[in-house]
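Grab a pencil and open the model next to this page. Try each exercise on your own, then walk through the solution.

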Amino acid sequence: MDPATQGRLVVISGPSGAGKTSVCRALKQDPRVQFSVSATTRAMRTGEQHGVDYWFLSADDFAAREARGEFLESASYNGRRYGTLRAPMETALRQGKIFVLEIEVQGTRQLRARGVPGTYVFVVPPNLAELRARLERRGSDSPAEIEARLRIAEAELAACELYDHVVENHVLERTIAEVRRILGL
Ligand code: 5GP
């Protein structure tokens with residue numbers, strides 16, 4: 001990354017249902033923070049908006065952008081592609097923003113392998129039973145999708161050594177306060 005940039009990069013990961021999205025929703029209120037809008041080939045969920053939650057792309061469009069080098073990192077998750085677009089990140093960092101990527105662990109591994117500087121935070125659930133309960137309560141995924149996400153979560157939990165900070169999410173408000181403290185907000 002260009003050393004002249006003034007902003008900084010924050011990576012937030014955590015198994016699906018760990019509470020990461022709720023933490024991010026709270027951080028989005030801060031004007032110093034800008035969130036990356038990832039590209040994905042997965043289907044849009046009810047309530048999601050193109051260009052706000054994700055850029056929802058066809059598999060061909062995603063592959064073409066990848067071939068042109070438009071992604072800082074990319075991953076396959078549960079059979080779908082996800083990727084961080086470089087251009088908005090570069091603009092945000094030039095503007096001095098704290099630019100937050102909410103990504104899974106394969107993407108983090110790519111950034112770490114390239115030595116991309118930043119603050120890397122992992123939000124984890126108290127345990128897998130609690131994670132299952134949260135995914136079921138959320139009601140946005142089918143039973144098969146929940147099983148798949150739980151299997152991925154188990155593997156993801158083993159990747160915590162990639163992160164500078166591991167925050168266990170028992171009580172959301174405390175978790176949010178802890179992440180704010182880590183980021184100096
Ligand atoms: P979901 O389908 O629940 O929105 O996201 C599934 C997983 O993909 C989550 O762990 C989310 O953080 C991750 N994800 C979202 N966007 C990106 C991205 O651009 N790159 C990577 N590597 N993971 C992403």
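**Exercise 1. Find the loop that holds N78, then describe the backbone and exposure of N78.**

Solution. Keep in mind that you're looking at a predicted model.
- Step 1: N78 is in the loop that joins β5 and β6.
- Step 2: These two strands form a hairpin with two residues between them.
- Step 3: Now for the backbone. Most residues other than glycine have a negative phi.
- Step 4: N78 isn't a glycine, yet its phi is positive, near 55°.
- Step 5: Is N78 buried, partly exposed or exposed? Buried would need under 20% relative accessible area and exposed over 50%. The value for N78 is 32%, so N78 is partly exposed.

**Exercise 2. Work out how the strands of the open sheet are arranged.**

Solution. Strands of a sheet pair through backbone hydrogen bonds, either parallel or antiparallel.
- Step 1: Four strands make up the sheet, in the order β4-β3-β6-β5, and the pairing is mixed.
- Step 2: Which strands are at the edges? They are β4 (55-56) and β5, since each of them pairs on one side only.
- Step 3: Look at β5 with β6 (residues 80-85): they run antiparallel, with six bridges. Here S74 faces G83 of β6.
- Step 4: β6 also pairs with β3 (residues 39-40), again in the antiparallel sense, this time over two bridges. In that pair, T40 is opposite Y82 of β6.

**Exercise 3. Decide whether strand β5 is largely enclosed or largely open.**

Solution.
- Step 1: β5 covers residues 71-77, which makes seven residues.
- Step 2: A residue counts as buried under 20% relative accessible area.
- Step 3: Six of the seven are buried, so the rest of the structure largely encloses β5. Remember that β5 is an edge strand of its sheet.

**Exercise 4. Locate the ligand and list what surrounds it.**

Solution.
- Step 1: Head for the largest pocket, where the ligand sits.
- Step 2: There are 16 residues around it, and S38, R42, Y54, Y82 and E104 come nearest.
- Step 3: Both β5 and β6 contribute to this shell, with at least two residues each.
- Step 4: Check the polar contacts. A polar side-chain atom of Y54 is 2.5 Å from a ligand oxygen. For the side chain of Y82, the distance from an N or O atom to a ligand oxygen is 2.6 Å. G83 uses a polar backbone atom, 3.1 Å from an oxygen of the ligand.
- Step 5: How much of the ligand does the protein bury? The ligand alone exposes 510 Å², and the protein buries 94% of that.

Definitions and conventions: Residues numbered from 1 in each chain as written. Predicted model: local features only at pLDDT ≥ 70, side-chain atom pairs only at ≥ 80, totals over all residues. Heavy atoms only, no water. Buried < 20%, exposed > 50% of the residue type's maximum accessible area, 1.4 Å probe, protein only. Pairing = 2+ DSSP bridges. Near = heavy atom within 4 Å. Polar contact = N/O pair within 3.5 Å; in protein donor to acceptor, adjacent residues only side chain to side chain. Areas by Shrake-Rupley, 256 points an atom, 1.4 Å probe, with all protein chains shown as cover. 1 Å grid on protein atoms, 1.4 Å probe; cavity = no way out; pocket = protein on both sides within 12 Å on 5 of 7 lines; lining within 4 Å. Sits in = over half its atoms within 2 Å of the grid points.
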